[in-house]
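Grab a coffee and open the viewer. Here are a few short exercises, each with a worked solution.

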Amino acid sequence: MSKKVFYGFEKIDADEKTSRIGDLFDRVAPSYDVMNDVMSLGQHRMWKDSLIRQIRPRNNWVYLDLAGGTGDIAFRIRDKIGQKTDITIADLTPAMLEEGKKRAIDKGWLDEFKWVEANAEILPFKDNQFDVVTISFGLRNVGNRESALKEIYRVLKKGGQFYCMEFSPIENPMVHKAYALYTKTVVPTAGRIIAKDQAAYDYLLDSIDTFPKAEQLKTEMNVIGFKEISYRNKGLGTVAVHKGIKT
């Protein structure tokens, strides 16, 4: 029996969560980017641009973007560097990877990236392989967060950087009230109309409330071994970007 974890507000086995997440993103892959627009009021694009500025990519680094199927972060790294570099895009869901490949082809990038179907909890990569590992709006969807963090730490080189961008429970009461009103009215309707899958939206919203607050995630990263851990809040506290170093 695997560890019990939250799937929305429901407690289930971590293995079952992984299976459910795979099914969910198989269903919503074609509308995933639009879903992010709805859930973030379109701001996720600016947040991701800001993340790339924080990373300050270099051409001689080796990159891994986890839960990165549609290519949002990897493409931005490639754009910032301005030439082909060593970037691996890994995702649990084949449908998400297919969407990313289509987008890459549309950009004329036929062989710019390595596309890998992988569970973040059991990464098929060598120890000390990557200079930078990123995960954007994906950590709350892994079955066992501790296992995923351990794997990220393992595959990073010494001195390597880990960046996690994730929706975070909102601590400001006024912002929480306003966002709650939005998510209870606009988002479910968007789920029915855009993705034709309100259940997926319901889960994604519930998963925000059960994800650790920024300070708690910082503590979890420290327990794994990350050092120089810091985080930045964005979107009036709706999102946190954590950074940790493998020493």
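**Exercise 1.** Keep in mind that this is a predicted model. Work out whether Tyr7 and Tyr203 are buried or exposed, then classify their ring pair.

*Solution.* Start with accessibility: Tyr7 is buried, and Tyr203 is buried too. Next comes the geometry. To describe a pair of aromatic rings, you need the distance of the centres and the angle of the planes. The structure has 13 aromatic pairs. In the one formed by Tyr7 and Tyr203, the ring centres are 4.3 Å apart and the planes meet at 20 degrees, so we call the pair stacked. Planes under 30 degrees apart count as stacked. Finally, check where the partners sit: Tyr7 belongs to strand β1 (residues 4–7) and Tyr203 to helix α8 (residues 198–209), so the pair ties together parts 196 residues apart in sequence.

**Exercise 2.** Find which charged end sits over the ring of Tyr7, and which over the ring of Tyr153.

*Solution.* For Tyr7, look at Arg20: its charged end sits over the ring, 4.9 Å from the centre. For Tyr153, go to Lys246, whose charged end sits over that ring at 5.1 Å from the centre.

**Exercise 3.** Place Ile194: which helix is it in, how accessible is it, and what does it contact beyond its sequence neighbours?

*Solution.* First, the helix: Ile194 is part of α7 (residues 173–195). Second, its relative accessibility is 34%, so Ile194 counts as partly exposed. Third, setting aside neighbours within four places in sequence, Ile194 contacts Ser31, Val34, Val38 and Tyr201. As an extra, its C-alpha atom is 9.7 Å from that of Tyr32, although 162 residues separate the two along the chain.

Technical notes
Residues numbered from 1 in each chain as written. Predicted model: local features only at pLDDT ≥ 70, side-chain atom pairs only at ≥ 80, totals over all residues. Heavy atoms only, no water. Helix = DSSP H or I, 4+ residues; strand = E, 2+ residues; numbered from the N terminus. Buried < 20%, exposed > 50% of the residue type's maximum accessible area, 1.4 Å probe, protein only. Contact = heavy atoms within 4.5 Å. Phe/Tyr/Trp six-rings, centres within 6.5 Å; stacked < 30°, edge-to-face > 60°. Lys NZ or Arg CZ within 6 Å of the ring centre and 35° of its normal.
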